[in-house]
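This report walks through a protein model from its overall make-up to its aromatic pairs and its main pocket. Please keep the sequence and the 3D view at hand while reading.

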Amino acid sequence: MDPCSFVRILVGNLAIKSPASSNPSFSGKVHPSSSPCYCKIKLRGVDSPPCHVATVPLISESETHPHSLAASFDFPKSQLSNIKNPSIKISVYKTRTDPSCVFNSSKLLGQISIPLDLTLSESRHCSFHNGWIALTKSNRKKTDSQTQPQLLHLTIRSEPDPRFIFRFDGEPECSPQVFQVKGEVKQPVFTCKFSFRDRNPVQFPAANQYHPLVADRKGWSITIHDLSGSPVACASMVTPFVPSPGSQRVSKSNPGAWLIIRPDGDGTWKPWGRLEAWREPGNSNGVGYRFDVLPATADPVTLAACTINSQHGGKFTIDVTPGVTPASTPHGSWDLGSGTSSRPGSGSGSDFSVENQFFYRGFVMSARFDGEKKCSKPEVEVGVKHVTCAEDAAAFVALAAAMDLSMDACKSFSQKLRKELRQ
């Protein structure tokens, strides 16, 4: 089945240059994480527009702007017609005190709005802005008309980003089928088999003496098979999920872990990635995670690290797009650090850092999970450029299954798991 058409809108390469930067006393050597400026980025024209918050580096006249991704907005082709008069609105603020308290004390420096024409974005790269632009204030007084405006550097572009969509037909622990989906059409491509490697679980007293003995959550495994019945990927729990001393939660200091493995021929397997998960401290419903890809000839590389709300659900995403560099001149290049040139509106797509160039670039995958008390049927999106065979797709499906099962494994040990997860 053909992939689904998606469009990505990328916003990045932010930097701010104020009149003070031309003052000799202004050194301009401000680390991005210490910058007193930040911005809110919204896509207007959609219902309930998402809002991204990003730091804006403060630079001097002699410095070049950094290459970094600040926000991305992803849409399937079918939704583009629902976006009315789309535009990117960016509001830039300066903190009055500690940058960690930006939402408590900040001053609006100005705003900009860039209109977007998405009619051609389905088939080619489009650049909407690349360079400096003056910030404006809607309440600027006439007496301020002679004041030199502050300048913001940014890049906004869109690109086609076709993806395969896979949907579980049930919860992973129930060994469901996995369908490839395109619009209203779906076809089976994989089957899942959930099992326990160890049928003799260790039991230990729960942290709360009023709860009965609870079993160590260990030995879980889920194998992905193609339609011929051959195994094409597997997620295996290699570090058990156990409560930290004096609590009933899996802590970050002692996370549970999965190994994602792929066939290596002759009945052997090779490691592809490692997923760790834990429950965030306090009364948080957050499940923290980190995913490392395991190259055969290099050290592990972290591709994803974030938190998912276990109560309301959320999305696991791997996106290796640190920079947004469209061609601003006929001699520019879409590729970060590339020595080749290309005409505007052409190129190879999303940028990538040197350390990841042998692994993944741009949007890699995402998986959406439902919250507690819902039947979780994960839906997985995988960038077409990262799938060359069934084993590639199956590895991402296995990773999504491991993340879904981790949310169950990270539940409080005072809670009883469903029968499929109990040995």
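## Surface, fold and aromatic contacts

The protein chain exposes an accessible surface of about 20600 Å², and 49% of that surface belongs to carbon and sulfur atoms. The model is a predicted one, and every value in this report should be read with that in mind. Of the 423 residues in the protein chain, 48% are buried. Its secondary structure consists of two helices and 22 strands. When contacts in the protein chain between residues at least 6 apart in sequence are considered, 62% of them join residues at least 24 apart.

### Aromatic pairs

How many aromatic pairs does the count come to? The count comes to nine aromatic pairs. One of them is formed by F164 and F166, whose ring centres lie 6.4 Å apart with the planes at 35°; because an angle between 30 and 60 degrees is neither stacked nor edge-to-face, this pair is classed as tilted. F164 is buried, with a relative accessible area of 14%, and F166 is buried too, with a relative accessible area of 4%. In the pair of F194 and F196 the ring centres are 5.3 Å apart and the planes stand at 80°, which is over 60 degrees, so this pair counts as edge-to-face. Both F194 and F196 are buried. Elsewhere in the protein chain, W272, F291, Y360 and F396 form one aromatic cluster.

### Charges over rings

Arginine side chains also meet aromatic rings, and the table lists two such arrangements, in each of which the charged end of the arginine sits over the ring.

| Charged residue | Ring | Distance from charged end to ring centre |
|---|---|---|
| R163 | F363 | 3.5 Å |
| R217 | F413 | 3.9 Å |

### The largest pocket

The largest pocket has a volume of about 1200 Å³. Its lining is made up of 48 residues, and those that lie nearest the centre of the pocket are D74, R163, K315, R368 and E381. R163 therefore appears in two settings, since its charged end sits over the ring of F363 while the residue also belongs to the pocket lining.

Which elements each supply at least two residues of the lining of the largest pocket? Among them are strand 1 (6–17), strand 4 (69–76) and helix 1 (77–80). Strand 9 (163–168) and strand 19 (301–309) each supply at least two lining residues as well, and the list is completed by strand 20 (313–320), strand 21 (362–370) and strand 22 (379–383).

Notes:
Residues numbered from 1 in each chain as written. Predicted model: local features only at pLDDT ≥ 70, side-chain atom pairs only at ≥ 80, totals over all residues. Heavy atoms only, no water. Phe/Tyr/Trp six-rings, centres within 6.5 Å; stacked < 30°, edge-to-face > 60°. Buried < 20%, exposed > 50% of the residue type's maximum accessible area, 1.4 Å probe, protein only. Lys NZ or Arg CZ within 6 Å of the ring centre and 35° of its normal. Helix = DSSP H or I, 4+ residues; strand = E, 2+ residues; numbered from the N terminus. Contact = heavy atoms within 4.5 Å. Areas by Shrake-Rupley, 256 points an atom, 1.4 Å probe, with all protein chains shown as cover. 1 Å grid on protein atoms, 1.4 Å probe; cavity = no way out; pocket = protein on both sides within 12 Å on 5 of 7 lines; lining within 4 Å. Points joined across faces, edges and corners; volume = space filled by probe spheres on them.
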